[in-house]
Amino acid sequence: MARNKYPEETVEKILTAARRLFLEKGYEKTTIRDIVDQLGGLTKGAVYHHFKSKEEIMNALTTKMFFDDNPFEKVRGREDLTGLEKMKEVVRLTQEPEWSSLSRQSLPLLKNPQMLATIIEENRTIAAPLWLELIEEGMADGSIRTEYPREAAELLTLLDTLWMAPTIFPATREEVLHKFRCAGEIFANLGVPLIDEEMLELADKYFQLLPPELL
């Protein structure tokens, strides 16, 4: 039996194989056996040594992709954009094909209470502070005028993770887009006019590609 003596290399192999299969076959149609078959002699036991489930693999993969290709880092330091424009650019970057595909496929993870708790904690400790940084930058350059920067950053992550997710609050594509318009008014009233027609168009394209069973 081939066994990699370096755990981080084994994890990298698992995530690389999973990424390829999720993009080619889809998350739901990919099995742990499919992933094992791509690992060059590693066993199912080696996979379960690092990940308890396919859900954990997907969560680890999306987290790794975020840090490997962090959209917040891409806009940080750009002097040609205001804080508000940077927020919109982050949204655009997360709608690139591979990002968007894996994001849609990860929606079933929200049905798993343990995974949901993990995702919420990651949003609280990672995403919310990064959004706050951009909101405060917007306040400094005048593109954002709010008395609630921290609350807006936290609300942004909660709405994205929970309210807009049809696996948590079942809704048709039209109903989800209506929620986006509602969220746009909420953030505009908070002084963070993030959700404009361009953002709504991106949301529409995202939800058009969701499989019917999620809507």
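Let's start with Y206 and F207, two neighbours that are both buried. Please keep in mind that this is a predicted model. F207 sits in helix α11, which covers residues 197-208. How buried is F207? Its relative accessible area is 4%, and the cut-off for buried is under 20%, so F207 counts as buried.

Now to the rings. The structure holds seven aromatic pairs, and F180 with F207 is one of these pairs, an edge-to-face one. Their ring centres are 6.1 Å apart, with 65 degrees between the planes. What does that pair tie together? F180 lies in helix α10, residues 173-190, and F207 in helix α11, so the pair links parts that are 27 residues apart in sequence. F180 has a relative accessibility of 17%, so F180 counts as buried.

F207 also pairs with Y206, with the ring centres 5.0 Å apart. Why is that pair called edge-to-face? The planes stand at 80 degrees, and the label applies over 60, so the pair is edge-to-face.

While we are on F207, have a look at R173. F207 and R173 are 34 residues apart along the chain, yet their C-alpha atoms are separated by 6.0 Å.

Y206 has another partner too. The charged end of R104 sits over the ring of Y206, 5.7 Å from the ring's centre. You can find a similar arrangement at Y27, where the charged end of K54 sits over the ring, 4.3 Å from its centre. And if you like aromatics, F66, F67, F72, W99 and W131 form one aromatic cluster.

Next, the inside of the protein. How many cavities of 30 Å³ or more does the structure hold? There is one. The volume of the largest cavity is about 1300 Å³. Its lining is made up of 42 residues, and those nearest its centre are T94, S103, N123, D160 and T161.

Where does that lining come from? Helices α4 (54-68), α5 (71-75), α6 (83-93) and α7 (97-105) are among the ones that each supply at least two residues. The same goes for α8 (113-141), α9 (149-163), α10 and α11. So what kinds of residue are these? The lining of the largest cavity divides into 30 nonpolar, ten polar and two charged residues.

Let's stay with S103 for a moment, since S103 is one of the residues nearest the centre of the largest cavity. The backbone oxygen of S103 lies 2.8 Å from a polar atom in the side chain of S106. S106 itself is in the loop between α7 and α8. Is S106 buried or exposed? With a relative accessible area of 17%, S106 is buried.

Last stop, E12. You will find E12 in helix α1, which runs over residues 7-24. What about its accessibility? E12 has a relative accessible area of 36%, and partly exposed means between 20% and 50%, so E12 is partly exposed. Which residue does the side chain of E12 touch? There is a polar contact with the side chain of K64, at 3.5 Å. E12 and K64 are 52 residues apart in sequence, and their C-alpha atoms are 9.7 Å apart in space.

If you open the structure afterwards, begin at F207 in helix α11, then go on to the lining of the largest cavity, with its 42 residues, and finish at the contact between the side chains of E12 and K64. Thanks, everyone!

Notes. Residues are numbered from 1 along each chain as its sequence is written. This is a predicted model: local features need pLDDT of at least 70, side-chain atom pairs count only at pLDDT 80 or more; totals for chains, interfaces and linings use all residues. Side-chain values use heavy atoms; hydrogens and water are left out. Helices (H or I, at least four residues) and strands (E, at least two) are DSSP runs, numbered from the N terminus. Buried means under 20% relative accessible area, exposed over 50%, partly exposed in between (1.4 Å probe, protein chains only). A polar contact is a pair of N or O atoms within 3.5 Å; within protein, one must be able to donate a hydrogen and the other to accept it, and residues adjacent in sequence count only if both atoms are side-chain atoms. Rings of Phe, Tyr and Trp (its six-membered ring) pair if their centres lie within 6.5 Å; planes under 30 degrees apart count as stacked, over 60 as edge-to-face and the rest as tilted. A charge sits over a ring if NZ of Lys or CZ of Arg is within 6 Å of the ring centre and within 35 degrees of the ring normal. On a 1 Å grid over the protein atoms alone, a cavity is a set of points where a 1.4 Å probe fits but cannot get out, and a pocket is an open set with protein on both sides within 12 Å along at least five of seven lines; lining residues have an atom within 4 Å of a point. Grid points are joined across faces, edges and corners, and a volume is the space filled by probe spheres set on the points. Ala, Val, Leu, Ile, Met, Phe, Trp, Tyr, Cys and Pro count as nonpolar, Asp, Glu, Lys and Arg as charged, and the others, Gly among them, as polar.
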